[in-house]
Amino acid sequence: MKKSTAVTVFCLMGAVILGLAAYAWRLDSRTARYGAVEGTRSDAAAGEFAGAMAGLDRSLREASYATDSALRSVLCAEAAAEAASAVTALAALPASAAELDTLANYLNGAWDYALCLSREAAEGRPFSHAEREALRSLSDAVEEISRETGGIYAALDAGELTMDAYGEDPASGSFGGALAELDAALAAFPELNYDGAYAATGETPALIEGAERISETAARQKAADFLGTERSALEPAGLTGGELPCFVFEAGDRRVYVTETGGEVLSITGGCSGGEAALGMDEARETALAFVSDRLGGEFTVLGGENRGAGYAFTLAPVESGVLLLADTVSLTIDAATGEVCGYDAAEYIAHHSFRSFETPIEQSAAASAVNPELTPNSAALVLTRSDGGDETLCWQFDCTDGDGRRALVCVDAKSGREVKIDAA
């Protein structure tokens with residue numbers, strides 16, 4: 001994937017700032033609101049979802065009409081923010097409304113494509129005829145979805161539909177059931193020719209390239225081996241659709257997803273038991289590290305952990321040739337009472353992890369010169385990170401503190417010496 005070129009026209013810098021600010025503000029503000037409604041305010045999340053879909057529809061339509069580069073950049077950034085907001089709202093709904101593969105693919109694809117066009121417009125490049133046609137095609141599809149989801153929410157608000165209970169299958173006459181019917185009726189995501197994850201290549205997705213399809217029996221054994229249980233403890237629960245079909249198996253309250261092609265355990269979903277905690281954070285961290293290292297092989301590092309009451313959530317990344325691969329992370333949740341894995345997501349790892357060779361980086365001291373002198377670097381590490389558009393960059397990552405002791409992670413391109421990313425941790 002080619003890297004974006006630097007913005008050279010000063011007057012277009014405002015577009016970059018406005019576009020990214022719009023994206024960050026919308027995403028951060030909506031994410032904060034969803035945290036308050038998740039699990040207890042599903043009806044509010046449903047309203048936010050319908051509103052985000054309407055906003056996505058409007059922003060895509062306006063972007064297809066715009067002729068000014070700066071305005072196009074802002075409108076595409078707004079569309080990306082609305083798509084991300086819709087994904088977040090969807091995740092706040094009961095689990096019965098969450099497994100909507102085609103709808104989720106539309107939202108993620110719209111986000112990625114809009115963000116790609118925003119960057120291109122910010123650099124002053126006009127949309128090509130093909131890009132305008134693709135944008136209109138995507139806009140037309142989203143307009144129909146927005147109309148349908150708006151109607152579903154209106155029916156919920158009027159009491160014509162009920163909100164699903166957590167963990168239950170969507171029923172006829174429920175919000176989740178209506179979304180599931182919408183998802184089943186959706187056409188495939190429009191074919192887009194662009195430099196991004198949802199581009200139409202006409203080839204087998206890279207995630208499963210060269211892999212063979214496996215049977216349900218073989219997938220069931222894969223799931224059992226992964227969980228460390230007997231195959232008889234797993235009950236088949238169907239096959240998902242989308243770009244990456246998965247066999248689904250149930251083991252008590254947990255669901256295990258195994259890719260039909262390649263037989264990779266993609267994810268595990270389910271709630272923690274809620275029993276009295278028997279593990280502390282340190283012991284849970286070691287359990288998570290051993291689980292991932294044993295099943296995926298190689299060296300891993302725990303990037304961070306969070307105590308969520310009934311469980312401990314961790315993010316892990318592989319280490320290769322001394323480089324921390326932040327682009328290939330795995331997330332894991334350990335039940336605080338039983339020590340079992342009650343949540344697992346290896347989609348990023350499975351999609352992107354492969355052997356990589358790295359060019360000799362610049363010296364750490366040279367990279368450190370790009371860090372703001374008001375920050376104090378406390379440690380440094382070579383990391384492979386990924387931009388929002390999917391570009392991989394080898395960086396020196398400096399773990400810094402400011403004069404008030406607040407932490408910030410600063411990434412400096414290990415080839416050019418430019419500061420490319422800051423995370424105020």
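Select Arg 61 and Glu 143 to begin, and display their side chains, which meet in a salt bridge with N and O 2.8 Å apart; the term stands for a side-chain nitrogen of Lys or Arg within 4 Å of a carboxyl oxygen of Asp or Glu. This pair links distant parts of the chain, since Arg 61 lies in helix α2 (residues 42–65) and Glu 143 in helix α5 (residues 129–157), 82 residues apart. Helices (H or I, at least four residues) and strands (E, at least two) are DSSP runs, numbered from the N terminus. The model you are viewing is predicted, and local features need pLDDT of at least 70, side-chain atom pairs count only at pLDDT 80 or more, while totals for chains, interfaces and linings use all residues. Residues are numbered from 1 along each chain as its sequence is written, and side-chain values use heavy atoms, with hydrogens and water left out.

Now add Asp 140, Glu 144 and Arg 147 to the selection, and you have the network of salt bridges in which these residues are linked with Arg 61 and Glu 143. Glu 143 itself is partly exposed, at a relative accessible area of 28%; on this scale buried means under 20% relative accessible area, exposed over 50%, and partly exposed in between (1.4 Å probe, protein chains only).

Next, select Asp 404 and Arg 406, whose side chains form a salt bridge of 3.4 Å, N to O. Asp 404 counts as exposed at 63% relative accessibility, and Arg 406 counts as exposed too, at 54%. By the rule given above, the count comes to 13 salt bridges.

Another of these pairs leads to the strands: select Glu 250 and Arg 255, where the closest N and O atoms are 3.0 Å apart. Glu 250 is partly exposed, with a relative accessible area of 31%.

Where does strand β3 (residues 254–259) sit, enclosed or open? Six of its six residues are buried, so β3 is largely enclosed by the rest of the structure. Colour its two faces separately, and you will find Arg 254, Val 256 and Val 258 on one side and Arg 255, Tyr 257 and Thr 259 on the other, all buried.

Finally, show the neighbours of β3, remembering that two strands pair if DSSP finds at least two bridges between them. Strand β2 (residues 246–251) pairs with β3 in the antiparallel sense over six bridges, and Phe 249 has Val 256 as its bridge partner. β3 also pairs with strand β4 (residues 265–269), again antiparallel, over four bridges, and here Val 256 stands opposite Ile 268.
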